[in-house]
Amino acid sequence: MTYRRVVLHNGARANRGGLMQRSIMAVCRTQFWFVIFAVFAMWSLLIYLNYSSLISSVALLAKQYVYSVNQEEAILIKTTLASNRNHSIAKETSHGGGGDHDHDHDHDDDDAKIVGVVEREEEFLVKPSNGKVSEIANEVETETSKNVGEIAPPPPPSPPPPPPPPLPKRKGKRKGKRWSRGQGGKNLPIHQQAGNGGETDQVNSNNETPPPPLSPPSPSPPPPPPPPVRECKVQVIRNQESCVGRYIYVHSLPRRYNADLIRDCRSLDLWMDMCQYTKNSGLGPPIIPDSDHHGVFSDFGWYVTNQFLLEVIFHNRMKQYDCLTNDSSQAAAIFVPFYAGLDVARRLWNTDARVRDSSSIELVKWLRRRPEWKRYWGRDHFFIGGRITWDFRRSENRKDPDWGNRLLYLPEAKNMTALVIESSPWNNNDFGIPYPTYFHPSTDEEVFQWQNRMRKQQHKRRYLFSFAGAPRPDRPDSIRNQIINQCEDAGGKCKLLHCSNWGNKCHKPAELMKVFQSSVFCLQPPGDSYTRRSTFDSILAGCIPVFFHPGSAYIQYLWHLPKEFTKYSVFISMYDVRKGKVRIERVLSRISAQRVEAMRDEVISLIPKIVYADPRCRLETTEDAFDLSVKGVLERVERIKEDMSKGRNHSFAYDERTAWKYRWLGKLEEHEWDPYFSGTFEYQN
């Protein structure tokens with residue numbers, strides 16, 4: 001009976017033990033998967049919150065700490081060796097240059113032990129990538145040898161120096177393959193290799209040698225180089241005599257007309273973030289020349305500039321103008337810093353006409369109340385519209401497209417001078433100024449260097465002509481389809497850069513400039529309007545532009561391009577291309593090499609006139625597009641004031657439909673280009 005109870009008791013105990021074991025295993029398995037799930041959830045959260053860079057930074061700091069401790073150990077050993085050498089020299093000197101040879105031999109044995117330790121550490125000290133740590137080691141050895149060489153004459157007896165600090169004890173050898181310390185120094189940053197500002201790091205208080213890393217550290221990618229920036233050396237010097245007739249007064253507008261538009265930059269475009277382009281005074285992000293650009297850019301002055309940020313660039317350049325005045329009565333012209341293009345851009349889509357016109361109407365009401373306006377009723381005022389003129393000329397005709405606002409049709413705006421990147425051939429209150437390019441020099445030297453570089457590019461232009469653009473399937477009368485077909489038929493003589501979608505190479509400055517720098521001629525047909533930014537990018541690259549409509553450049557940029565257009569460009573009638581009467585390749589191939597060279601020299605000489613210098617700087621001897629635009633405004637305002645003082649109205653006493661002819665020819669007689677401007681752009685193109 002007793003035996004049975006014992007057996008039953010043991011069996012129950014075994015059952016309870018097995019049950020407990022199974023319970024523990026189940027709990028462990030549950031906790032294991034719970035831990036795995038928790039780790040996975042935390043890692044996913046870190047990735048979602050974009051903290052991966054924080055993790056890599058912590059890992060990098062840990063690596064730097066390990067190597068800095070290794071460095072401290074090596075420097076401590078070197079310092080101890082130097083101290084022992086000095087101690088031996090001092091003892092030898094105190095005995096009059098003689099001394100006990102056995103005592104010296106003891107010191108030599110100690111030094112040999114130290115040297116044995118240091119030799120094993122030499123690999124760490126001499127292999128860093130920039131040589132900073134090796135320089136420290138060399139300085140220590142130099143100081144030691146200098147002290148040894150300066151023992152004669154012997155100094156007076158002095159008390160013996162304090163004993164050197166105890167050497168750090170080295171731990172036993174590790175089993176297995178050991179990673180060499182000399183290889184670890186290659187990944188140290190400069191401030192870790194050279195200590196704090198080049199000074200020797202403090203040694204560890206516990207004098208313990210940290211263990212070396214078990215495996216080589218993974219190489220971290222080098223940080224991107226800082227963007228090339230040059231400081232402006234030119235200061236604004238205002239000379240009263242040179243500013244006579246050149247003073248400009250700048251209106252202090254409410255912030256909603258300029259600064260608030262930049263602050264709310266995300267609302268400026270429905271399809272892209274314009275905030276990145278408002279950086280650097282409107283120039284956009286800097287372009288860092290590297291191997292990926294294949295030598296397309298020079299070292300300084302290049303930015304990813306948006307073509308619709310001209311108002312911001314011009315306003316910031318005006319702040320550096322050398323003849324600004326706070327007295328409007330002395331001003332030859334008055335600048336209105338209204339960002340008209342940015343204002344209308346945010347309202348071009350999904351808004352009604354009243355919303356698009358609201359800011360312009362409020363602005364002219366504000367100007368009418370100012371005393372500066374009443375002096376000439378706005379005839380001395382000017383402003384920038386950083387878009388084409390058609391964005392500010394919404395027609396009242398219901399049959400016309402409901403596009404843009406009516407800023408340039410307002411009576412007050414008709415009295416002012418508007419500077420736009422494309423003017424109207426049939427109106428007299430707007431004038432064309434160049435599109436902004438990617439190049440914004442800060443010194444005259446940068447301009448001259450780029451011009452010389454383009455002159456040396458002539459032997460690298462392997463394409464006879466090129467075209468960067470997209471077809472216009474919604475415009476049956478466009479000649480772009482014919483141009484693309486002729487370029488493809490020309491084979492290797494023509495380079496075609498398709499611009500059919502946002503992911504193409506046309507939106508990459510390096511790809512675009514590379515094509516233009518490799519071409520002798522660059523085709524510039526009309527697109528959605530007469531003009532193209534590509535015209536000025538091609539001139540900047542030393543490529544001769546080929547135009548098909550006189551409204552693309554000749555009657556537009558009268559202040560910046562020569563009136564004799566055959567000196568710098570080729571004109572081929574768009575009508576001949578549309579009807580198939582002309583082959584572009586044949587026309588360009590017949591131009592002699594001497595004439596091509598002369599036209600290219602003229603194109604390169606135009607580069608300073610079509611670029612906008614860095615708004616934070618001023619060129620010393622070179623006039624850029626801003627300078628020529630201001631000069632043109634001042635001349636026009638002076639002419640208007642003279643007419644008003646004499647009771648004349650020559651500046652406006654002609655039919656606006658022939659405005660292009662009056663500006664370009666100064667007379668209204670018949671011209672061979674009349675068919676190009678006999679109707680609207682839509683009709684002719």
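Phenylalanine 465 is in contact with eleven residues named here, neighbours within four places in sequence left aside: Cys487, Ala490, Lys493, Cys494, Lys495, Ser519, Phe521, Leu523, Ile584, Glu585 and Leu588. The model is a predicted one. Phe465 also belongs to the largest nonpolar core, which holds 99 residues. Within this core, Phe465, Phe521, Phe548 and Leu588 touch the most other members. Two of these, Phe521 and Leu588, are among the contacts of Phe465 itself. Helix H22 gives the most to the core, with 6 residues. Another core lies apart from it. That core has 21 residues, among them Tyr257, Phe338, Ala340 and Leu407. In soluble globular proteins, nonpolar side chains tend to be buried together.

Helix H22 also bears on the sheet. The helix spans residues 625-645 and lies across strands E1, E2, E3, E4 and E5. H22 runs at about 140° to E4. Strand E3 covers 381-388, and strand E4 covers 417-422. The sheet itself is open and has 5 strands. Their order is E1-E2-E3-E4-E5, and the pairing is parallel. Strand E1 (248-250) and strand E5 (430-432) are the edge strands, each pairing on one side only. From one strand to the next, the twist averages 35°. At one end of the order, E1 pairs with strand E2 (residues 333-335) in the parallel sense, over 3 bridges. In this pair, tyrosine 249 stands opposite isoleucine 334 of E2.

The model contains 5 disulfides, counted as cysteine sulfur pairs within 2.5 Å. Three are described here. One links cysteine 265 and cysteine 275, with the sulfur atoms 1.9 Å apart. The torsion about this S-S bond is about 95°, so the disulfide is right-handed. Both cysteines lie in the loop between helix H7 (259-263) and helix H8 (279-282), so the pair ties together parts that are 10 residues apart in sequence. Cysteine 265 has a relative accessible area of 7% and is buried. Cysteine 275, at 15% relative accessibility, is buried as well.

The loop between H7 and H8 also holds threonine 278. Threonine 278 counts as buried, at 15% relative accessibility, because the cut-off for burial is under 20%. Its side chain reaches the backbone oxygen of cysteine 275 at 2.7 Å. Beyond its neighbours within four places in sequence, threonine 278 is in contact with Ile262, Cys265 and Leu309. Threonine 278 thus touches one cysteine of the disulfide by contact and reaches the backbone of its partner.

A second disulfide joins cysteine 487 to cysteine 494, with an S to S distance of 1.9 Å. The link is left-handed, with -95° about the S-S bond. Cysteine 487 is buried, at a relative accessible area of 2%. Cysteine 494 counts as buried too, at 7% relative accessibility. Both cysteines are among the contacts of phenylalanine 465.

A third disulfide joins cysteine 522 to cysteine 543, S to S 2.1 Å. With 115° about the S-S bond, this link is right-handed. Cysteine 522 lies in strand E8 (residues 519-524), and cysteine 543 lies in the loop between helix H17 (534-540) and strand E9 (544-547), so the pair ties together parts that are 21 residues apart in sequence. Cysteine 522 is buried, with a relative accessible area of 1%. For cysteine 543 the relative accessibility is 0%, and the residue counts as buried.

Proline 371 provides an exposed site. The residue is placed in helix H12 (residues 371-376). Proline 371 has a relative accessible area of 55%, and is exposed because that value is over 50%. Its C-alpha atom is separated by 9.9 Å from that of serine 329, and the two residues are 42 residues apart along the chain.

Technical notes:
Residues numbered from 1 in each chain as written. Predicted model: local features only at pLDDT ≥ 70, side-chain atom pairs only at ≥ 80, totals over all residues. Heavy atoms only, no water. Pairing = 2+ DSSP bridges. Helix = DSSP H or I, 4+ residues; strand = E, 2+ residues; numbered from the N terminus. Axes fitted to C-alpha atoms, helices over the stretch in contact; angles between N-to-C directions. Contact = heavy atoms within 4.5 Å. Buried < 20%, exposed > 50% of the residue type's maximum accessible area, 1.4 Å probe, protein only. Polar contact = N/O pair within 3.5 Å; in protein donor to acceptor, adjacent residues only side chain to side chain. Core = buried A, V, L, I, M, F, W, Y, C linked by side-chain atoms within 4.5 Å.
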